[in-house]
Amino acid sequence: MFNSLKTPIEFKYKEAKTVSLITSILLLAVVSFSCTNNSKVVSSVKSKKSNTISTISTQVEENRNDLEIGKPIEKVLEVGQSNSFSLFLEANQYVKIIVQQKGIDVIATLYNPKNEKIYEIDSLNGTTGPEPVCIISSDKGIYRLEIKSLDNNASANKYEVKILQLHKATEIDKFSSEGFKALAQAQFLQGEGKKENEKLIVSKYEESMEKFYKAKELEALAIVMSNLGFFYFNQNDLAKAEDFYNKALGQFKQFTGENTSDVARTINNLASLYYSKNEYEKAEPLYIQALEIRKKVLGEDDLDTLFN
């Protein structure tokens, strides 16, 4: 019984221990509550940060440019391979891209932001010379330029892609883009070689010439004249073919200079025309002239030089 009595000191110790325990429980509850709220705050911050990164990433993707004006890109195209380049355009922008073939014949195809084919060109210039891509954008977004070769027997070789012009479209630009569209259509039809398309081919070339005169596209005019010369040569209308070849030669020399692959090709075509007419005295010096230009421009081992 004596032992069951609590002394004042023991009572105070027990009371202090109880108060300390209660205080610890309260502190633990406060800390737990604080951590929970802090966890929510951190989670919220992370969520907001994640959204920001996602938005920035999307904006970067939407504005991604592989092609920039004044910065040509040179690539090697392997057999069966295709290369793609992205270009961000605002609506109603005029863009002119040149794909310069350097030993491989390529086809250039442009797709709009909906991945719809809107332009395709495969010129009649073989493995050298330009493939011009020219449009006025209808939609804002990323456009894709695809480069490939349809020749499965071709060896790997180089080409260069560069933007020549990029700005808000004008009335002159409208003539230019319409001219290049008609030119691409004419070349595609001519490449098919179907007799029923002959009138349409001439009509498309004439349409492109009219637009190019208005747009003052001198090199494009020369390409049309050269192609018409080739067209009439295959029709055995040698008088018209000679006339267009000579006009094309003058235009090329005026625009690109004396020593270019376009000049060499046109001179070679004239030589072939005279050869077909048994005018060998005219053909031989032209063949030699074309060969010398190709040696300078392309090198002695280039296929076009060797075939010449």
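Okay, let's start in the middle of things, with strand β3, residues 93-102. Eight of its ten residues are buried, so to speak mostly covered, given that buried is under 20% relative accessible area. Before I go on, please keep in mind that this is a predicted model.

So who sits beside β3? On one side there's strand β8, residues 157-168, joined to β3 by ten bridges, and the two run antiparallel. If you want a pair to click on, take Lys 96, which stands opposite Gln 165 in β8. Then there's strand β6, residues 128-136, with nine bridges to β3, again antiparallel. The pair to look for there is Val 95 and its bridge partner in β6, Ile 135.

Now zoom out to the sheet. We have an open sheet of four strands, and the order is β1-β8-β3-β6, with antiparallel pairing. The edges are β1, residues 73-77, and β6, each of which pairs on one side only. On average, neighbouring strands in this sheet are turned by 20 degrees against each other, if you ignore direction. At the β1 end, five bridges connect β1 to β8, and those two run antiparallel. Glu 74 is the one to find here: it stands opposite Glu 160 in β8.

What lies across β3, β6 and β8? That would be helix α2, residues 171-192, and it runs at about 125 degrees to β6.

For the overall count, the protein has eight helices and eight strands. Of its 308 residues, 38% count as buried. And if you take the contacts with a separation of 6 or more, 69% of them are between residues 24 or more positions apart.

Let me give you one residue where you can see that kind of contact. Glu 219 is in helix α4. Its C-alpha atom is 6.3 Å from that of Phe 252, and the two residues are 33 apart along the chain. Leaving out residues up to four places away in sequence, Glu 219 touches Pro 130, Phe 252, Phe 255, Thr 256 and Asp 262.

Next, the backbone. Most residues other than glycine have a negative phi. Which residues go the other way here? I've picked two. Asn 115 is not a glycine, yet it has a positive phi of about 65 degrees. You'll find Asn 115 in the loop between β4, residues 107-111, and β5, residues 117-121. The other one is Lys 216, also not a glycine, with a positive phi of about 60 degrees. Lys 216 is in the loop between α3, residues 198-215, and α4, residues 218-234. Is Lys 216 buried or exposed? It comes out at 67% relative accessibility, and because the cut-off for exposed is over 50%, Lys 216 counts as exposed.

Last topic, empty space inside. How many cavities of 30 Å³ or more does the structure hold? Just one. The largest cavity has a volume of about 40 Å³. Its lining is made up of Glu 78, Val 79, Gly 80, Gln 81, Ile 104, Ser 149, Asp 151 and Ala 154. By type, that lining splits into three nonpolar, three polar and two charged residues.

That's my tour, so over to you for questions.

Technical notes. Residues numbered from 1 in each chain as written. Predicted model: local features only at pLDDT ≥ 70, side-chain atom pairs only at ≥ 80, totals over all residues. Heavy atoms only, no water. Buried < 20%, exposed > 50% of the residue type's maximum accessible area, 1.4 Å probe, protein only. Pairing = 2+ DSSP bridges. Contact = heavy atoms within 4.5 Å. 1 Å grid on protein atoms, 1.4 Å probe; cavity = no way out; pocket = protein on both sides within 12 Å on 5 of 7 lines; lining within 4 Å. Points joined across faces, edges and corners; volume = space filled by probe spheres on them. Nonpolar A, V, L, I, M, F, W, Y, C, P; charged D, E, K, R; others polar. Axes fitted to C-alpha atoms, helices over the stretch in contact; angles between N-to-C directions.
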